[in-house]
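Biologist: Please pick one part of this model and give me a close look, starting with charges over rings. Then follow the chain outwards from there and tell me what the rings and strands are doing.

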Amino acid sequence: CKVLMIFPRFNANSFWNYQAACDLAGARYPAAPLGLITVAALLPAEWDVRLVNRNTEELADADLAWADIVMTGGMLPQRNDTLHIIAMCHACGKPVVVGGPDVTSSPALYSAANFQVLGEAEEIMDGFIAAWRRGDRQGVFEAPMGKTDVTKSPLPRFDLLKLDQYLHVGVQFSRGCPFSCEFCDIIELYGRVPRTKTNAQVMAELDALYALGYRGHVDFVDDNLIGNKKALKKFLPDLRRWQEEKDFPFEFSTEASINLADDPDLLRSLSDTNFFAIFVGIESPDTDSLVLMQKKQNTRRSLQQSIETIHKAGIFVNAGFIVGFDSEKGSVAQGMIDCIED
Ligand code: SF4
């Protein structure tokens, strides 16, 4: 079976395609499609897989002509292009499978696809493969939310990537987040009990990237890397050892909640392991809004001091802000500017 994986284009000017930074660094796009290359690793070894990332390269008619089946899908800012890809597949008579977070949240919008893979793919792809081999040409495969055992996740097919096209390549240690921010789809999609891979699993992923010659920036794409602090504290010493043995080939970034600032040991450990940047959802300087959005971990603290504590550990903060909560007053703009300036 010849499988063409197509990573859909992100909408212009979305958070996910900061083109100017890519231009400065000589990359075509920030992040590699970790989801699709993980799904590729779940397919039978004798199937042929090709990957086209529409954010970095053109999809040729010949690619579609080659394929027996197309697999695509992604996040909400990729929806327009995903629907376009589904239409292209129909126009040339190719069956198409769609998966990823957006179809999982809004399956009705993707009813034109032949197959839908909803939720995490690891434990349901076998069902899809069996159906395909039986000759089925449509179906829906759905994983129970937040239950997938990530220790069974395969080593992603990093070999399918053109590694020089990206600012960073992703790996994943955990899925899920223990918090309950009401605007966030992570907890709807992956649950509130963070599940972690084994240390050996992640080391094998880094070994694979290293063996392919990749060096530099690796992003831990975890929803909240410190969601399961106990597991992380067991993982970081192994990761640091791995880095030391190889003379620190990688520098890491990730996402974490602001309560990271309350744990100096963990901060030091991250810094010692060569984490240099962390995305933190600050969201709003307005305490009433933070309380209403149930982002309680951001209240009862000085946001500025917490950020300074992370800076002092040698890690810079890439801050997320959200504008437009119902509880906002006319004054939110100035408060946000002051918070950023601080
Ligand atoms: S801390 Fe981040 S990942 Fe966790 S629920 Fe809040 S916004 Fe979502």
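Modeller: The charged end of Arg50 is parked over the ring of Trp66, 4.0 Å from the ring centre. To count as sitting over a ring, NZ of Lys or CZ of Arg has to be within 6 Å of the ring centre and within 35 degrees of the ring normal. Lys246 does a similar job on the face of Tyr210, at 5.4 Å from the ring centre.

Some ground rules before going on. This is a predicted model, with local features needing pLDDT of at least 70 and side-chain atom pairs pLDDT 80 or more, while totals for chains, interfaces and linings use all residues. Residues are numbered from 1 along each chain as its sequence is written, and side-chain values use heavy atoms, with hydrogens and water left out.

Now stay with Tyr210, the ring under Lys246. The structure holds 21 aromatic pairs, and in one of them Tyr210 meets Trp242 edge-to-face, 6.1 Å centre to centre with 85° between the planes. The rule is that rings of Phe, Tyr and Trp (its six-membered ring) pair if their centres lie within 6.5 Å; planes under 30 degrees apart are stacked, over 60 edge-to-face, and the rest tilted. Tyr210 belongs to helix 8 (residues 199-211) and Trp242 to helix 9 (residues 229-245), so the pair ties together parts that are 32 residues apart in sequence. Helices and strands here are DSSP runs, H or I of at least four residues and E of at least two, numbered from the N terminus.

Which of the two rings is buried and which is partly exposed? Trp242 is buried, at 5% relative accessible area, whereas Tyr210 is partly exposed at 24%. Buried means under 20%, exposed over 50% and partly exposed in between, using a 1.4 Å probe and protein chains only. Both rings also belong to one aromatic cluster, which includes Phe173, Tyr214, Phe220, Phe235, Phe250, Phe252 and Phe275.

Two of those cluster members lead straight into the strands. Phe220 of strand 11 stands opposite Val171, and Phe252 of strand 12 stands opposite Val218. Strand 11 (residues 216-220) is mostly covered, with four of its five residues buried. On one side, strand 11 pairs with strand 8 (residues 166-171) in the parallel sense over three bridges; strand 12 (residues 250-255) also pairs with strand 11 in the parallel sense, over four bridges. Pairing here requires DSSP to find at least two bridges between the strands.

Between helix 9 and strand 12 runs a loop, and Asp247 is in it. Asp247 has a positive phi of about 65° although it is not a glycine. Most residues other than glycine have a negative phi. Asp247 counts as exposed, at 64% relative accessibility. Asn274, in the loop between helix 10 and strand 13 (275-283), is another non-glycine with a positive phi, about 85°, and is partly exposed at 26%. In helix 10 itself (residues 264-272) you find Ser271, partly exposed at 25%. Ser271 touches Ala313 and Ile315, leaving out residues up to four places away in sequence, where a contact means heavy atoms within 4.5 Å.

Back towards the start of the chain, another parallel pair is worth a look. Strands 4 and 5 pair in the parallel sense over three bridges, and Thr72 of strand 4 (residues 69-72) stands opposite Val98 in strand 5. Thr72 is buried at 4%. Beyond four places in sequence, its contacts include Ile6, Pro8, Thr82 and Ile85, along with Val96, Val97, Val98 and Gly99. In strand 5 (residues 96-99), Val96 and Val98 point one way and Val97 and Gly99 the other, and all are buried. Val98 is also among the contacts of Gln116, counted beyond four places in sequence. Gln116 is in strand 6 (residues 115-118) and is buried at 7%.

Last stop, the ligand. Around it are Cys177, Phe179, Cys181, Phe183, Cys184, Asp223, Lys295 and Gln297, each with a heavy atom within 4 Å. By class that shell is five nonpolar, one polar and two charged; Ala, Val, Leu, Ile, Met, Phe, Trp, Tyr, Cys and Pro count as nonpolar, Asp, Glu, Lys and Arg as charged, and the others, Gly among them, as polar.
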